[in-house]
Amino acid sequence: MSANRRDEAGSLPASYGTQASVRPADRTTGIRRRDLLVGAMCTCCLPALLRAAQQTGPMQLDEVAPGVFFRRGADEDAAAENDDALANIGFVVGREAVAVFDPGGSLTDGERLRAAIRDVTRLPVRYVVLSHVHPDHIFGAAAFEPDKPAFIGHEHLPAALAQRGEYYRKRLAAVLGDHRAGKVVAPTQLVRDRLQIDLGGRTLELTAHPLAHTNTDVTALDRKAGLLLASDLVFVRRVPSLDGSLRGWISELGALRALPARRVVPGHGPVALDWPRAAADLERYLNVLLSETRAAIGKGQSIEEAVETVGRSERGKWALFDDYHGRNVTQAFKELEWE
Ligand SMILES: [Zn+2]
């Protein structure tokens with residue numbers, strides 16, 4: 001990090017920020033150096049290069065706003081080679097404490113994030129926000145237990161983890177092995193509607209959303225920085241996965257649009273983008289899913305027929321489309337058939 005960057009974050013403690021693994025994001029395009037580098041290579045080299053980047057050396061972080069650091073997840077499914085490091089995860093540094101906003105997809109991923117935090121600051125990790133129930137975001141939580149933070153989650157997260165947590169853990173352990181997968185960590189503090197956490201000179205406003213991407217979605221707003229940490233309420237480039245309510249998600253995106261944020265960190269995709277412009281592709285996708293699923297139901301199609309026909313115009317516009325889109329249509333169909 002350059003001296004300039006430290007000056008920009010002048011209100012932060014002297015211990016903050018000296019490591020070469022941290023770099024500012026390109027504020028205008030969100031394009032990072034790794035993207036530029038790989039752009040010159042043949043695409044067949046890309047998966048191997050991404051895996052290599054994840055497994056060796058310190059975690060690569062982008063400073064998306066002064067004192068806010070995120071790692072971009074890989075647009076892949078969980079595999080032994082990627083440690084389930086699929087989600088955008090990171091942390092926010094105040095004058096007195098650090099908040100982690102999603103601890104990572106596995107114990108190994110969480111341990112690497114914890115080490116990356118220690119490269120940036122010695123301040124205590126007082127909060128670990130668990131943005132929702134999906135394993136690629138929260139299975140790194142156990143790595144932070146030695147810090148004794150408050151693990152913060154949606155009021156519905158304990159029930160969701162009771163229902164699915166062990167299933168997720170077994171599935172992840174089958175891919176990574178028990179020692180790398182991590183365990184289910186239950187939240188110790190719940191968000192019912194809103195909750196403010198104070199990091200010293202910096203407040204994060206947490207919101208627990210109604211049914212949208214899942215039934216456990218929490219976002220964070222750093223009002224001073226004009227930055228929204230959206231987690232999976234915003235997908236960019238990686239096809240969205242619908243695990244809550246299609247109509248609810250569209251509605252919550254409308255609410256997020258109205259927030260006083262100029263930049264967003266999505267749950268997947270480039271880690272820093274202009275807000276609300278970054279939501280455009282997702283909103284188009286969700287609205288296509290809504291209108292075409294309604295039309296299929298109106299024509300009397302079965303779920304299987306709808307899966308074959310709905311949203312085909314979106315194919316080619318998203319990573320992992322064939323892996324998740326059919327499930328999204330099924331979920332949308334079940335929600336909309338009783339309208
Ligand atoms: Zn998710």
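**Exercise 1. Find which residue of β10 is the bridge partner of Q196, then place that pair in its sheet.**

Step 1. Look across from Q196 into β10 and you land on E205, its bridge partner. Keep in mind that this is a predicted model, where local features need pLDDT of at least 70, side-chain atom pairs count only at pLDDT 80 or more, and totals for chains, interfaces and linings use all residues. Numbering starts from 1 along each chain, as its sequence is written.

Step 2. Zoom out to the strands: β9 and β10 (residues 203–208) are antiparallel, with five bridges. Strands here are DSSP runs of E, at least two residues long, and helices are runs of H or I with at least four, numbered from the N terminus. Two strands count as paired if DSSP finds at least two bridges between them.

Step 3. Now the whole sheet: six strands make an open, mixed sheet, ordered β9-β10-β11-β12-β13-β14. Its edges are β9 (194–198) and β14 (273–274), each pairing on one side only.

Step 4. Add the helix: α8 (residues 246–257) lies across β11 (218–222) and β12, at about 165 degrees to β12. Angles run from 0 to 180 degrees between N-to-C directions, and axes are lines fitted to C-alpha atoms, for helices over the stretch in contact.

**Exercise 2. Work out which way the side chains of β3 (residues 68–71) point, and what β3 pairs with.**

Step 1. V68 and F70 point one way, F69 and R71 the other, and all are buried. Buried means 20 or more other C-beta atoms within 10 Å of the residue's own, exposed means 12 or fewer, and partly exposed is in between, with C-beta atoms placed from the backbone. That fits the general pattern: in a regular strand, side chains alternate between the two faces of the sheet.

Step 2. On one side, β2 (residues 61–65) runs antiparallel to β3 through three bridges, and A65 partners V68. Two residues sit between the strands of this hairpin, and G67 takes a positive phi near 80 degrees.

Step 3. β3 also runs antiparallel to β4 (residues 89–93), this time with four bridges. Here V68 has V92 as its bridge partner.

**Exercise 3. Explain why A87 counts as buried, and list what it touches.**

Step 1. Locate A87 in the loop between β3 and β4.

Step 2. Count neighbours: A87 is buried because 30 C-beta atoms lie inside 10 Å.

Step 3. Leaving out residues up to four places away in sequence, A87 touches G73, D102, G105, D136, H137, G267 and H268. A contact means that two C-beta atoms, placed from the backbone, lie within 7 Å.

Step 4. Check one of these, H137: 50 residues along the chain from A87, yet their C-alpha atoms are 5.9 Å apart.

**Exercise 4. Say where the largest nonpolar core lies relative to domain 1 and domain 2.**

Step 1. Such a core is a set of buried Ala, Val, Leu, Ile, Met, Phe, Trp, Tyr and Cys residues joined through C-beta atoms within 7 Å. This one has 86 residues, and V98, A99, V100 and V129 touch the most other members.

Step 2. Strand β12 (residues 227–235) gives the largest share, seven residues.

Step 3. Domain 1 (3–275) and domain 2 (278–339) both contribute, so the core lies between them. Those bounds come from an automatic or database domain assignment.
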